Structures are given as structure tokens and as C-alpha cells.
Amino acid sequence: MFFIAAGIVLLSLLLAGCSSTSPGIPNIFLISLYYQNYPPVFDPAQVDPGVTTAIANIVGRAQLEVRVGYFGICINADGGSFLCSNNASSLASQVSVDQDPLNLIWVASTFKDSIVFPYLIIVAIVLAFICFILLATFPGWHEETDERGDERDVKPFPSRAVSQVALALIFIASIFVLVSVLWQHTASVGASTVAQDLGNGSVKSGVGTTAMILGWFGFAFFILVTIGLLLMILSISMLDRLTDD
């Protein structure tokens with residue numbers, strides 16, 4: 001039950017990333033885009049390598065950073081504190097053209113609305129919570145009096161039907177989390193690479209390490225519960241067979 005609770009907490013934190021300015025929440029992001037001057041990368045495949053100079057002139061001294069979460073976007077326009085909202089238009093209205101000359105806020109909003117898909121994780125959390133409730137119904141230790149009148153601590157086997165339902169729920173939740181985390185990782189890395197290449201020499205991007213850790217650890221906890229329930233069900237079945245023989 002501890003692993004289920006831990007997995008639910010981690011995935012809930014992942015979904016809450018960039019949704020508010022609470023301590024630590026802006027640091028949970030899928031992708032970040034920010035202006036930074038650096039030596040551009042030149043490649044023979046570039047038709048117009050000189051476009052980097054034009055982009056650098058447009059960017060000027062901008063230093064805005066945009067971070068994207070599942071349900072929100074955080075911006076830092078001047079190196080101070082982050083401002084977070086789920087409405088990109090309201091964030092854009094609070095910065096000047098000089099602070100976001102390449103419309104990184106709009107790019108981040110497009111990524112969040114068109115690519116990010118949080119609903120599999122939400123369903124996984126609901127399924128895991130139902131499994132947690134089912135596990136709470138498992139019988140615990142209690143005292144019974146044997147034929148000699150001695151008291152013994154015994155723990156009855158849990159219901160096989162309830163165990164199987166709990167196993168199915170946490171297994172489905174694990175698959176949903178796995179698909180979501182892989183989707184999150186692939187989409188974030190791809191978008192980060194494309195954005196940095198387009199802003200070659202003026203725009204940097206990165207993938208949120210904290211978000212990746214939360215997602216993969218949440219999946220690992222659910223898998224541990226799945227394996228534990230499977231081993232318990234198989235052990236109980238084996239004991240029943242030995243008892244019947």
C-alpha cells in the first residue's frame with residue numbers, strides 16, 4: 001500500500017507542475033525554452049546560415065524563460081520569480097515585445113495544447129486509488145483461540161476475487177503510466193531539439209529532469225505493486241493446491 005500511495009503522490013506532483021507559483025512547482029516542467037546568446041551551429045544542410053544573425057538581432061537582450069507543465073505554463077521575464085498560469089494569453093499580456101520577440105510563450109502554449117496529453121496519467125491515478133481501497137479491505141492479523149484454548153495470531157487469506165481485481169487495476173494503471181511517460185519523454189526531447197535548432201544561436205531549450213524522475217519512479221512503484229500482488233495470488237493458489245492434496 002505504501003508503494004501505491006507513493007506512486008499516486010509522485011504522479012500528482014507531476015501533473016501539478018507549472019500550475020502555480022508554490023515552492024518547487026515551477027521546477028516540475030516537461031520542457032523549458034529560454035533566450036540565450038551562444039555560438040550558433042553551422043551545418044552544410046543549412047541553406048541560409050546567415051539567418052542566425054538576423055534572429056540574434058531580433059532577440060537582442062531578451063532573457064525570458066518559459067516552462068511548460070501538463071496544466072500550466074510558467075514564465076520568468078527578467079531573472080526574478082516565476083509567473084504561472086494555465087492561460088498563455090494572460091501571460092503574454094504581461095510581457096513586452098522586447099522580452100519575447102520570438103513568441104516563445106505561444107510556442108510553449110502550442111506544445112501544451114497540441115502535444116501534451118495528461119489524461120492517461122489521470123486515469124492511472126484513479127485506478128491506483130481504487131486498488132489502494134481494495135487492498136485496505138484485506139484482512140489483517142487478529143487473535144483466535146485454538147482447540148486447546150491457546151490464543152494465536154492469525155491472518156486469513158484475502159479474497160481471491162478482490163486480489164485479482166486489484167491486480168488488474170494496478171496492471172492497467174502501470175501500462176497507462178508507461179505509455180504516458182514514454183510519450184512525455186519522446187515529445188519533450190523532440191520539441192526541445194526542434195525549438196533550439198530553429199533559434200540557433202539565440203534560443204536554448206531543455207527537458208525537465210524532475211518531471212522525468214517523477215514519472216519513471218511512479219511507474220516503478222506501480223510495477224512493484226503489480227509484481228507483489230501477482231506473487232501473492234500465485235502463492236495462495238499453490239498453497240490451496242497443496243492443502244487440497
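Modeller: Let's pin down one term before we start: a helix here is a DSSP run of H or I with at least four residues, and the numbering goes from the N terminus. L198 sits in helix 6, a run that covers residues 160-198. Bear in mind that this is a predicted model.

Biologist: How do you know which parts of the protein have the lowest and the highest confidence?

Modeller: From pLDDT, the predictor's own confidence on a scale from 0 to 100. The protein averages 87, and 91% of the residues score at least 70. Strand 5 (residues 142-145) is at the bottom with a mean of 55, while strand 2 is at the top with 94.

Biologist: Back to L198, then. Why does L198 count as exposed?

Modeller: Exposed takes over 50% relative accessible area. L198 comes in at 62%, so exposed is the right label. As for its surroundings, P49 is 149 residues away in sequence, yet the two C-alpha atoms are 11 Å apart in space.

Biologist: And what is the volume of the largest pocket?

Modeller: About 320 Å³. There are 16 lining residues, and the ones closest to the pocket's centre are L33, V107, V194, A195 and L198. Strand 1, helix 4 and helix 6 each put at least two residues into that lining, with helix 4 giving the largest share at five.

Biologist: What makes something a cavity and not a pocket?

Modeller: A 1.4 Å probe has to fit inside but be unable to get out, whereas a pocket is an open set. By that rule there are two cavities of 30 Å³ or more. The largest cavity has a volume of about 80 Å³. Its lining is L30, Y70, F111, I115, V116, F117, S180, W183, Q184, A187 and S188, and helix 6 supplies the largest share, five residues.

Biologist: Now the surface. Which residues make the nonpolar surface patch?

Modeller: F71, I115, F117, Y119, I122, V126, I130, F171, I172, I175, V179 and W183, for an area of about 1000 Å². Helix 5 (119-136) and helix 6 each bring at least two residues, and helix 6 gives the most, with five.

Biologist: Why is F71 called partly exposed?

Modeller: The partly exposed class lies between buried, under 20%, and exposed, over 50%. F71 has 35% relative accessibility, so that class fits. The patch rule asks for over 30%, and F71 clears that bar with its 35%. F71 is in the loop between strand 2 (65-68) and strand 3 (73-76).

Biologist: Why does Y119 count as partly exposed?

Modeller: Y119 is at 48%, and exposed would take over 50%, so partly exposed is where Y119 lands. This residue is part of helix 5. Y70 is 49 residues from Y119 in sequence, and their C-alpha atoms are 9.7 Å apart.

Biologist: How do you know that E65 forms a salt bridge with R67?

Modeller: The cut-off is 4 Å between a side-chain nitrogen of Lys or Arg and a carboxyl oxygen of Asp or Glu. For E65 and R67 the closest N and O atoms are 2.9 Å apart, within that limit. Each partner is under the 20% line for buried: E65 has 17%, so E65 is buried, and R67 has 12%, so R67 is buried as well.

Biologist: How many salt bridges does a search of the whole structure find?

Modeller: Two. The other pair is K112 with D113, at 3.2 Å from N to O. K112 has a relative accessible area of 12% and is therefore buried, whereas D113 reaches 53% and is therefore exposed.

Biologist: What is the phi of C18?

Modeller: Near 65 degrees, which is positive, and C18 is not a glycine. You'll find C18 in the loop between helix 1 (2-16) and strand 1 (31-35). With a relative accessible area of 0%, C18 is under the 20% cut-off and so is buried.

Biologist: And why is N103 partly exposed?

Modeller: Its relative accessible area is 44%, so N103 falls between the 20% and 50% cut-offs. N103 also has a positive phi, about 60 degrees, although it is not a glycine. The loop that holds N103 runs between helix 3 (88-92) and helix 4 (104-114).

Terms used
Residues numbered from 1 in each chain as written. Heavy atoms only, no water. Patch = residues over 30% accessible without salt bridge, like charges linked within 9 Å, V, L, I, M, F, W, Y side chains within 5 Å. Areas by Shrake-Rupley, 256 points an atom, 1.4 Å probe, with all protein chains shown as cover. Buried < 20%, exposed > 50% of the residue type's maximum accessible area, 1.4 Å probe, protein only. 1 Å grid on protein atoms, 1.4 Å probe; cavity = no way out; pocket = protein on both sides within 12 Å on 5 of 7 lines; lining within 4 Å. Points joined across faces, edges and corners; volume = space filled by probe spheres on them.
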